[in-house]
Structures are given as structure tokens and as C-alpha cells.
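The following exercises ask the reader to work through strand pairing, nonpolar cores and ring contacts in a single chain. Each task is followed by a stepwise solution.

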Amino acid sequence: MAKQVQLYDQMTKAAILTMEIPQSWESWSNVNWSMQDGASVSYEIKIWNPQGQEQFWLKPSRTFNEMSTPFFGTMSNSVPMMPPLQFFSSFILPDYQRQFPGLKILSSEDVQMSAQEQQQFNQKTAMLRQVNPYCECLNQTANVIAEYNLNGQIVNELLAITADGMVSANPFAGRMGSWSTYMATYRNAKRPKPEMVKEFNALAGTIRRNQEWEKVTGDFISQSQKSRDDFIRRSQESQSRHNSEMARMQQETFDYINNSRRQTFENQQRSSERTSHMWSETLRGVRTVYDPYYNRQVEINDKFNHTWMNNYGQIIQTDSHLYNPNSDSSLSGNWNEV
């Protein structure tokens, strides 16, 4: 039997999200509002079985700045943007190995985007490159399954990691940008990979975020960054009286970094939405495609390799790459593969 829990932000007294968990499980949440190095809001959710090893943990997002320019060199806190499996190897795995000697990695693989998600990502990248031809975009998810000894019992843990961000890689101005990582983990007693994925998706698929709370946090970040931008602008205007060209280059650099930081929270929400949608589709065995005739999104069975739609809204699915319903005299309408 499951129960629905609401996890709260103590500052705003509003629910961050709701989710369904087993009746005997417990839950905990924490929200961090930070003004250090730019405004940010991150939250952490943990649910667990007090009588066993089962645990689901939605960890705080982590935001990194990448900045390496001919004018300023490489900043001390600069971290190059990297895909999720590389991030796991560089930042997560060393901590796990220290905490759990004898840890084994059973599997590690990228999660492929659906055709629609890939199209949306390509469109977003193309739009950004119209403004900045040196733009590099990343939005990728990977799953890792680890095995280790916890209190004398062998357990498996699934780590779902998403990396999302944008960096300008101008060969003359250097690399400048901001990117973030998001990670959820699920731990249980040793079991086959399909069971781990199914149980993880069953919990993650019940998460429903509070849009009102996300609007409050988004407004907080935007207003804080606006104040920071105004301060930087006034400082740079004063400096420009002494060295106008250097001030101009510095202003452009700071503006770009701050714009990237403002976008980080928006990217977090989009990435979280994509990951939740992906978990939900995986759990239900469906995927979403675009219907060109009726300009709508349609959910279809994910077990077939080829899907056809006609102008009457009818759908045919098949595993045969040779089948074309336009050649079937018993069918009417114009058929397109989606």
C-alpha cells in the first residue's frame, strides 16, 4: 500500500513536490537558498525504508562555471563541461570507492533521447548558434548501477545522472559558460538490473513538482541576478573611464556568465521535466511522437520499431521495415512514418 507525501520548503512554507511512497517508509527534505557566487536554489529529497536497505535519494543539483580566456586565464573554480558518465568517473566514483571499499560498477550507459527530445534539443542548439556560432550545448542522462557491501549486506544502487548546460567556445575569447548536474539514486538489496530500473521508475514516476514554488524560486533568482548585474554594470562604467576597451571586454564576459547563471535554474526545470517524462514513459512502455496531420503529440506503444499515421488519425505499428501502408489497397488515407 502506498501513501502520498508532500515535501516542504521551510522558508516559503510551500510544498516542493508530492510523491507516492510505500506506507511504512519515511521521508525528509531540505532546501538551500544561496547568494554565494550568484543566487541559486537547490533541494534534496530522501525517502527510505527504516526496516531495510531500500532508499530513494534525489540529491541537490550542482552548478559549475567554465571560464578560460586569453585575458584572464583559467579561473581557479573553472570546471569544464562534461557528459554525465565522465562527471560520474571524475566526481562521484572516487567518493563511493572511499566510502565502500570493494565497490563494483555493474553497468554504465547513456540514456538515449526519444526522437522528439532529440529534435527539440537540435532546434534549441540551432537557435542559440544563430546568436552565438560558438555555442556548445549539453543535455544528456546516464544510468550507473553499482554493487557494494552495506552493513554486512550486498546491495545494488542505481544512479541516474543528468548533465545540462551551455558553453561559448570562442577561439579568440576562450570558453565561458555554466552547466549543472542532477542526480537521483535508488538502493536496494542485490537484484537483477531490470528490477532495479523498474523499482526506480516506479518511485520517480510519482513525483509531481509544485509549479507555484518553482515560480517563486525563479523570481528570486531573476531579481537577485538583476541586482548583481546592475552593480557590475556600474562598476564597469566607472572603470571604463580609465580603460574603456578592457572594461568592454570584462563587461561582456560578466554579462555572459550572469546570463548563463540565470538560465541555469530554467535549464534545471527543463531537464527535470525531461527526466520525469522519460521515467514515466519507460514505466508505462510508451513514447511520444508528433502527429503532422493534427499538429499534436500522441503517445504510442514503444515495443514496435515503425509507426505510421494517416490523415484520419489512424495509427499502424509494425516491426517490419518493408511494410508501407500506402501500398495496402485495403487501407485509406495518406500514411506517413513518424
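**Exercise 1: A sheet at the start of the chain**

An open sheet with antiparallel pairing is formed by 3 strands in the order β1-β2-β12. The model is predicted, so local features need pLDDT of at least 70 and side-chain atom pairs count only at pLDDT 80 or more, while totals for chains, interfaces and linings use all residues. Residues are numbered from 1 along each chain as its sequence is written, and side-chain values use heavy atoms, with hydrogens and water left out.

Task: Identify the edge strands of this sheet and describe how β1 pairs with β2.

Solution.
Step 1. Two strands pair if DSSP finds at least two bridges between them; helices (H or I, at least four residues) and strands (E, at least two) are DSSP runs, numbered from the N terminus.
Step 2. β1 and β12 (208-209) are the edge strands, as each pairs on one side only.
Step 3. Between β1 and β2 the antiparallel pairing extends over 8 bridges.
Step 4. One bridge can be named: L7 has L17 in β2 as its partner.

**Exercise 2: The sheet around β15**

Task: Determine the strand order of the open sheet that contains β15, and state whether the residues of β15 are buried or exposed.

Solution.
Step 1. The order is β16-β15-β17, an open sheet of 3 strands with antiparallel pairing. Its edge strands, β16 (315-318) and β17 (335-337), each pair on one side only.
Step 2. From one strand to the next the twist averages 25°; axes here are lines fitted to C-alpha atoms, for helices over the stretch in contact, and angles run from 0 to 180 degrees between N-to-C directions.
Step 3. β15 (residues 306-310) pairs with β17 in the antiparallel sense over 3 bridges. Here M309 stands opposite N336, and N310 stands opposite W335.
Step 4. With β16, β15 pairs in the antiparallel sense over 4 bridges, and T307 stands opposite Q317. These two strands form a hairpin with 4 residues between them, and G313 in the turn has a positive phi of about 85°.
Step 5. In a regular strand the side chains alternate between the two faces of the sheet. In β15, H306, W308 and N310 point one way and T307 and M309 the other way.
Step 6. β15 is mostly covered, with 5 of its 5 residues buried (buried means under 20% relative accessible area, exposed over 50%, partly exposed in between, with a 1.4 Å probe and protein chains only).

**Exercise 3: Nonpolar cores**

Task: Name the residues with the most contacts inside the largest nonpolar core, and the elements that supply at least two of its residues.

Solution.
Step 1. A nonpolar core is a set of buried Ala, Val, Leu, Ile, Met, Phe, Trp, Tyr and Cys residues joined through side-chain atoms within 4.5 Å.
Step 2. The largest such core has 26 residues, and L17, M19, Y43, F56 and F200 have the most contacts inside it.
Step 3. Elements that each supply at least two residues of this core include β1 (2-9), β2 (14-22), β3 (26-34), β4 (40-48) and β5 (55-58), together with β10 (153-170), β11 (174-189) and α3 (193-204).
Step 4. Leaving out residues up to four places away in sequence, M19 touches K3, Q4, V5, L7, I47, F56, L203, T206 and I207 (contact means heavy atoms within 4.5 Å).
Step 5. A second, separate core has 23 residues, among them V155, I161, V167 and M183.

**Exercise 4: Aromatic rings**

Task: Count the aromatic pairs, then classify the pairs F64 with F87 and F100 with Y148.

Solution.
Step 1. Rings of Phe, Tyr and Trp (its six-membered ring) pair if their centres lie within 6.5 Å; planes under 30 degrees apart count as stacked, over 60 as edge-to-face and the rest as tilted.
Step 2. By this rule there are 8 aromatic pairs.
Step 3. F64 and F87 are edge-to-face, at 5.9 Å centre to centre with 65° between the planes. This pair links distant parts of the chain, 23 residues apart: F64 is in strand β6 (residues 62-69) and F87 in helix α1 (residues 84-99). Both F64 and F87 are buried.
Step 4. F100 and Y148 are stacked, at 3.8 Å centre to centre with 20° between the planes. F100 lies in the loop between α1 and β8 (104-111) and Y148 in strand β9 (residues 135-150), so this pair ties together parts that are 48 residues apart in sequence. F100 and Y148 are buried.
Step 5. Ring pairs also link F64, F87, F91 and W179 into a cluster.
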